[in-house]
Amino acid sequence: MFVYADNAATTCTSQAALDAMMPYLTRQYGNPSSLYGFGQTAKEAIENARKTVAACIGAQPREIYFTSGGSEADNQAILSAAKVGARKGKRHLISTAFEHHAVLHTLKKLEKEGCEVTLLPVHEDGVVRMEDLEAAVRDDTALVTIMFANNEIGTIQPITEIGAFCRERNIPFHTDAVQAAGHMPIDVEVMNIDMLSLSGHKFHAPKGVGVLYAKKNILLSNLIEGGGQERGKRAGTENVAGIVALAAALKESCDAMEENTAKILPMRDKLITELSKIPHSRLNGSMDHHVPGTVNICFEGLEGDSLLLMLDQNGICASSGSACNAGSIDPSHVLLAIGVPYEIAHGSLRLSIGEYNTMEEIDYIVRIVPQVVEELRRKSPIWQAMEAGQRPHLI
Ligand SMILES: *Cc1c(COP(=O)(O)O)cnc(C)c1O
């Protein structure tokens, strides 16, 4: 059996997205910047996509900028806000310890250039606290950037409260909503979001296309200079097919959100119930504030990467955290941020399911994982020492 359970890393392209983009990969190949009708057809497709995306998140079409993905949108949002802040002498940036590296590494770069960064702690439940934000904010705070939903543990942050807090103090608020878009309702007006990033391949559009929403009063600076595409804020001939596919996939996901959630939740609950029965396991992140499809669980006394390899041999695609960290020997910064001890964070498993998964696949996963965990533990010197009472069990 082949089971794809890594939808937080990427998703399959939906038929609706493929159908929408196909004409722009074949006969409608005009350049949107060309004046003749053939080019303008492509231009219209982009503008329709912009309207569709805007409607899905409660924005105005002119507040939507197409990018190459979530990482680019995160970079542009943060660098733009830092630049605007610096002009007013504001060089303090607030974020959290468990952001995606597209955010954390951009902040690191700004730190080297003279900005000060406060990373809010994330509590054991995987949720940031308003008190911590209130304590961190300063007169020279130029940006608050806090992710909507975490990519490794799936927890959702109090975005509406954070948005209201920032708006009251006139501090720009950016959120990396890559894991939320298409999976949870988003309204940038209601939530007082100034900038938001999303990425097509996390909701069944192809890879390499994303969106930066920036409220109309937000000044963006360019990462890429060149032509006047995207209101002069993102040069380069547009990825017309990708943009059209992103809009089709986002609309499809938003229209079917309730239905998809209703399908995913019982599957997720079965994963949690069954896998929690494995002795010395620990579920990471509170399930009270959570995207539907992501489950993150640690098994004491084993190595996450060995677990993934053995699951792969059994046809199961999963992750130990974020795909971007694959190959690194350090445990996930997200798990460490929520206080999972180093030794335990090594044995993490992220299963992220979507509406394309079936209950038969879940049954297969909950049959295979306990077998694999047991086999790995049998071979693990650490586990043997624990079982012999020479080392304490931590969970
Ligand atoms: C996947 C992901 C990104 C990066 O998006 P790309 O389109 O792959 O660049 C950023 N943030 C989060 C939370 C993600 O899950």
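Me: Is V190 buried or exposed?
Reply: V190 is exposed, with a relative accessible area of 58%. Exposed means over 50% relative accessible area, buried under 20%, and partly exposed in between, with a 1.4 Å probe and protein chains only. Before we go on: this is a predicted model, in which local features need pLDDT of at least 70 and side-chain atom pairs count only at pLDDT 80 or more, while totals for chains, interfaces and linings use all residues. Residues are numbered from 1 along each chain as its sequence is written, and side-chain values use heavy atoms, with hydrogens and water left out.

Me: Where is V190 found?
Reply: Look in the loop between β6 (173–176) and β7 (195–199). Helices (H or I, at least four residues) and strands (E, at least two) are DSSP runs, numbered from the N terminus. As a long-range landmark, take K251: V190 and K251 are 61 residues apart in sequence and 19 Å apart in space, C-alpha to C-alpha.

Me: How many Å apart in space are K90 and D139?
Reply: From C-alpha to C-alpha, K90 and D139 are 7.8 Å apart, with their positions 49 residues apart in sequence. K90 lies in the loop between α3 and β3 (92–96), and its relative accessible area of 28% makes K90 partly exposed.
You can read P61 in the same way. P61 sits in the loop between α2 (37–57) and β2 (64–67) and is partly exposed, at 30% relative accessibility. P61 and M287 are 226 residues apart in sequence and 34 Å apart in space, again C-alpha to C-alpha.

Me: Is T10 buried or exposed?
Reply: T10 counts as buried, at 16% relative accessibility. Its place is the loop between β1 (3–4) and α1 (15–25). The C-alpha atoms of T10 and G70 are 12 Å apart in space, and the two residues are 60 apart in sequence.

Me: Which side chain does the side chain of S332 make a polar contact with?
Reply: A polar contact is a pair of N or O atoms within 3.5 Å; within protein, one must be able to donate a hydrogen and the other to accept it, and residues adjacent in sequence count only if both atoms are side-chain atoms. Here the partner of S332 is the side chain of E152, at 2.6 Å. S332 is in the loop between β11 (316–317) and α10 (333–337), and its 8% relative accessibility counts as buried.

Me: Now the backbone. What is the phi of N170?
Reply: Most residues other than glycine have a negative phi. N170, which is not a glycine, has a positive phi of about 65 degrees. N170 lies in the loop between α6 (159–169) and β6 and is exposed, at 66% relative accessibility.
E230 is another residue to inspect: its phi is near 50 degrees, a positive value in a residue other than glycine. You will find E230 in the loop between β8 (210–214) and α7 (240–255). E230 is buried, with a relative accessible area of 6%.

Me: How many aromatic pairs does the structure hold?
Reply: Rings of Phe, Tyr and Trp (its six-membered ring) pair if their centres lie within 6.5 Å; planes under 30 degrees apart count as stacked, over 60 as edge-to-face and the rest as tilted. There is one aromatic pair in this structure. The ring centres of Y29 and F38 are 4.9 Å apart and the planes stand at 85 degrees, so the pair is edge-to-face. Y29 is exposed, at 62% relative accessible area, whereas F38 is partly exposed, at 32%.

Me: Which residue lies over the face of W383?
Reply: A charge sits over a ring if NZ of Lys or CZ of Arg is within 6 Å of the ring centre and within 35 degrees of the ring normal. R377 does so over W383, at 4.0 Å from the ring centre.

Me: Let's finish at the ligand. Which residues around the ligand come nearest?
Reply: A residue is near the ligand if one of its heavy atoms lies within 4 Å of it. Of the 13 residues around the ligand, S71, D176, Q179, S199 and K202 come nearest. Helix α3 (residues 70–87) gives the largest share of this shell, three residues. A ligand oxygen is 2.7 Å from a side-chain N or O atom of S71, and the side chain of Q179 also has an N or O atom 2.7 Å from an oxygen of the ligand. For the side chain of H201, the corresponding distance is 2.9 Å. The protein covers 87% of the 380 Å² of accessible area that the ligand has on its own (Shrake-Rupley method with a 1.4 Å probe).
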